[in-house]
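Please look over the sequence and the model below before reading on. The report deals with the surroundings of the ligand and with one strand and its neighbours.

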Amino acid sequence: MKKIELFDLNRQYLSIKNEVDQAISSIISSSTFISGEDNQKFDIEFAKYCNAGYSIGVSSGTAALFLVLKALGISKDDEVILPSHTFAATAEAVVNLGATPVFVDVDPKTYNLEPSLVEAAITKKTRAVLAVHLYGQQANMSKLSKIALKYKLILIEDAAQAHGSLHRGHPVGFYSDAACFSFYPAKNLGCFGDGGAAITDNKKLANQISMLKDHGRTSKYYHEIVGYGERLDNLQAAILRIKLKHLDEWNSRRREIADFYNRELSAFYITPHVSSGSVSVYYVYTLRHESRDDVIKNLTKKQISTGIYYPTPLHRQPAFKHFAPKNKLTNTDQIVKEIFSIPVYPELEDAEVEYIATSLVKIAKSI
Ligand SMILES: *Cc1c(COP(=O)(O)O)cnc(C)c1O
């Protein structure tokens with residue numbers, strides 16, 4: 001068996017090559033690289049896909065998080081509650097605005113923010129809760145939105161890993177003030193470089209984000225506020241428009257593979273727990289095993305690539321450790337020692353999926 005990568009972006013490209021090549025060459029011919037027609041159309045189409053009032057394409061998921069928090073006025077006296085078990089960008093947005101990240105532990109089953117611990121971490125300074133939808137499953141947004149309402153907090157979603165997911169039948173953005181997406185190439189919806197979007201139903205907030213991402217402009221030569229240069233470019237928007245049409249079918253195939261893994265592996269590993277009423281889009285398929293490092297070593301021998309999302313939680317990273325909370329993040333610290341992710345991308349062939357599952361069963365029996 002040939003080596004199976006954790007992601008294989010080339011396979012996806014080959015499946016849509018003609019359409020993508022045509023779109024790219026037509027943009028190069030017209031030389032409309034910035035603020036072009038595809039930018040406008042993608043914003044409309046992605047907002048519609050998310051059932052949101054507005055979508056604002058930006059230069060990355062990191063930029064989306066920063067600009068949303070900035071537009072909502074988060075600043076130095078504010079505390080923002082978020083998980084430690086996430087990618088650094090989630091906390092960077094908070095810290096780069098001078099605000100304080102308050103790391104809270106996650107639910108040991110879903111690996112997402114535990115609502116009761118969020119409520120316990122609220123202080124007079126708390127302004128916002130930043131929920132992360134890790135591995136493709138939304139955090140418990142219905143509970144978090146009740147807490148946000150009760151304490152008059154802003155609720156934001158980091159949905160960089162959850163394009164197309166549902167919580168109680170609702171898409172990303174339904175329960176929150178705004179949600180942020182990444183179109184990093186490997187994400188469920190990815191472009192050919194960096195890209196991201198913010199969605200919201202709030203017109204004023206949408207206008208503010210649009211201005212901030214484009215130098216505070218309201219027209220070509222008029223700058224209302226001091227902004228940033230964080231636009232999504234037109235080439236990326238054109239590619240995203242093509243891929244968006246396939247997103248649901250790709251996510252279904254991810255679920256099909258995940259369901260197969262669940263059936264084959266649940267006797268040997270802790271398989272992903274999907275809460276009732278939740279639909280995961282499996283950005284990655286993450287297993288747990290006490291001898292994680294041995295399992296990975298054996299998988300590598302069998303030409304199967306793995307990843308760890310994430311091996312070191314943010315409260316233990318040099319960049320953020322001075323924000324570590326006083327109380328222990330017990331679940332987070334335990335989970336990061338046992339988790340590993342295996343290939344789940346939609347273009348995997350059935351034979352590869354079967355080989356991965358069979359190998360994992362053999363490995364579990366041998367260690
Ligand atoms: C990918 C990711 C981001 C950052 O997105 P970029 O587009 O790479 O800037 C933020 N948060 C999470 C949880 C991510 O997975």
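The sections below take up the ligand and then the strand, in a model that is predicted.

## The shell around the ligand

The ligand is surrounded by 16 residues, of which Gly-61, Thr-62, Asp-158, Ser-182 and Lys-187 are the closest. By residue class, the shell is made up of six nonpolar, eight polar and two charged residues. Two helices, helix 4 (61-71) and helix 5 (88-95), each contribute at least two residues to this shell.

## Polar contacts and burial of the ligand

Three side chains place polar atoms beside oxygen atoms of the ligand: for Thr-62 the distance is 2.5 Å, for Gln-161 an N or O atom of the side chain lies at 2.8 Å, and for Lys-187 the corresponding distance is 3.0 Å. The ligand would expose 380 Å² if taken alone, and the protein buries 93% of that area.

## Strand 2 and its partners

In strand 2 (residues 79-83), five of the five residues are buried. In a regular strand, side chains alternate between the two faces of the sheet. Here Glu-79, Ile-81 and Pro-83 lie on one side and Val-80 and Leu-82 on the other, and all of them are buried, so that both faces of the strand are covered.

Strand 2 pairs in the parallel sense with strand 3 (residues 100-104) over five bridges, and Val-102 in strand 3 is the bridge partner of Ile-81. Between these two strands the chain passes through helix 5, forming a β-α-β crossover that is right-handed. Strand 2 is also joined to strand 4 (residues 126-132), which runs parallel to it, by three bridges, and in strand 4 it is Val-129 that stands opposite Ile-81.

Technical notes: Residues numbered from 1 in each chain as written. Predicted model: local features only at pLDDT ≥ 70, side-chain atom pairs only at ≥ 80, totals over all residues. Heavy atoms only, no water. Near = heavy atom within 4 Å. Polar contact = N/O pair within 3.5 Å; in protein donor to acceptor, adjacent residues only side chain to side chain. Areas by Shrake-Rupley, 256 points an atom, 1.4 Å probe, with all protein chains shown as cover. Helix = DSSP H or I, 4+ residues; strand = E, 2+ residues; numbered from the N terminus. Nonpolar A, V, L, I, M, F, W, Y, C, P; charged D, E, K, R; others polar. Buried < 20%, exposed > 50% of the residue type's maximum accessible area, 1.4 Å probe, protein only. Pairing = 2+ DSSP bridges. Right-handed = clockwise from strand over helix to strand, strands pointing away.
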